[in-house]
Amino acid sequence: MNKFVIKGGRPLLGEVYVSGSKNAALPIIAATVLVDEPVVLDNLPNISDVSVMLRSLEEMGATINRIDKNSVRIDTTSLRNRSVSYEMATKIRGSYYFIGSLLGQYGEAFCAQPGGCTFCDRPMEQHIKAFEVLGAECSFEEGFYTIKSDNLTGNRIEFDKITVGGTINTI
């Protein structure tokens, strides 16, 4: 484990900038679908995955206003589309986070098979299993997931393997 050892009797002075985390930013961006008023997110990393998530929201009808390179105002109150496009979904793995938020807010979600890096296998089966346990009907046809439910109901979910993304998406 790395640590800082500070010796001396003098006070520390200065500032340290801690950049935002992609793994925190992507599910937070998707969660804005669940909010009934505009949201301002600060300290977003200025990376392509964040840009793809924001473009996905714009395609669904959200209004995105960049405040600066690390801050954005998101208004999802006028979403008209419950689908993450094939083009956007296949660019990043985190596009699957929209399934949970769209399902929770509107009772339906459509998303192409998520893409992104291929350095390890990260299937969607655990996500789908959890949505079905909560009462959703799930199908996968021609590269698109269709998830619908008129009444999601809390339930005990036991994943077959560890899945951070699946847990976040289900919550």
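This text walks through a predicted model, starting at one helix and moving outward to its neighbours.

The starting point is helix H4, which spans residues 97-106. H4 is mostly covered, with seven of its 10 residues buried. Those buried residues are Tyr 97, Phe 98, Ile 99, Gly 100, Ser 101, Leu 102 and Leu 103. After the helix comes Gly 107, which has a positive phi, near 80°.

Within H4, Gly 100 is a useful residue to follow. Its relative accessibility is 16%, and because the cut-off for buried is under 20%, Gly 100 counts as buried. Leaving aside residues up to four places away in sequence, Gly 100 touches Phe 131 and Asn 169. Gly 100 can also be placed relative to Ile 147: the two are 47 residues apart in sequence, and their C-alpha atoms are 9.2 Å apart in space.

Gly 100 also leads to a pocket. The second largest pocket has a volume of about 270 Å³. It is lined by 16 residues, of which Gly 100, Ser 101, Asn 169, Thr 170 and Ile 171 are the closest to its centre. Three elements give two or more residues each to this lining: helix H1 (22-31), H4 and helix H6 (164-170). H4 provides the largest share, five residues. Sorted by class, the lining of this pocket holds 11 nonpolar and five polar residues, and no charged ones.

Phe 131, one of the contacts of Gly 100, belongs to the next helix to consider. Helix H5 covers residues 125-133, and its buried residues are Gln 126, His 127, Ile 128, Ala 130 and Phe 131. What do the buried residues of H5 pack against? Their partners are H4, strand E6 (137-141), strand E7 (144-148) and H6. Just after H5, Gly 135 has a positive phi of about 110°.

The aromatic rings come next. A pair of aromatic rings is described by the distance of the centres and the angle of the planes. The structure holds two such pairs. In one of them, Tyr 96 and Tyr 97 are arranged edge-to-face, with 4.7 Å from centre to centre and 65° between the planes. Both Tyr 96 and Tyr 97 are buried. Phe 140 and Tyr 145 form a pair with ring centres 4.4 Å apart and planes at 45°, so this pair is tilted. How exposed are the two partners of the tilted pair? Phe 140 has a relative accessible area of 42% and is partly exposed, whereas Tyr 145, at 9%, is buried.

Another ring takes part in an arrangement with a charge. The charged end of Arg 82 sits over the ring of Tyr 106, at 3.7 Å from the centre of that ring.

Two loops remain, each with a positive phi in a residue that is not a glycine. Glu 142 lies in the loop between E6 and E7. The phi of Glu 142 is positive, about 50°, although this residue is not a glycine. Glu 142 counts as exposed, at 82% relative accessibility. The other case is Asn 43, found in the loop between strand E1 (39-41) and helix H2 (48-60). Asn 43 has a phi near 65°, again a positive value in a residue other than glycine. With a relative accessible area of 32%, Asn 43 is partly exposed.

Conventions: Residues are numbered from 1 along each chain as its sequence is written. This is a predicted model: local features need pLDDT of at least 70, side-chain atom pairs count only at pLDDT 80 or more; totals for chains, interfaces and linings use all residues. Side-chain values use heavy atoms; hydrogens and water are left out. Helices (H or I, at least four residues) and strands (E, at least two) are DSSP runs, numbered from the N terminus. Buried means under 20% relative accessible area, exposed over 50%, partly exposed in between (1.4 Å probe, protein chains only). Contact means heavy atoms within 4.5 Å. Rings of Phe, Tyr and Trp (its six-membered ring) pair if their centres lie within 6.5 Å; planes under 30 degrees apart count as stacked, over 60 as edge-to-face and the rest as tilted. A charge sits over a ring if NZ of Lys or CZ of Arg is within 6 Å of the ring centre and within 35 degrees of the ring normal. On a 1 Å grid over the protein atoms alone, a cavity is a set of points where a 1.4 Å probe fits but cannot get out, and a pocket is an open set with protein on both sides within 12 Å along at least five of seven lines; lining residues have an atom within 4 Å of a point. Grid points are joined across faces, edges and corners, and a volume is the space filled by probe spheres set on the points. Ala, Val, Leu, Ile, Met, Phe, Trp, Tyr, Cys and Pro count as nonpolar, Asp, Glu, Lys and Arg as charged, and the others, Gly among them, as polar.
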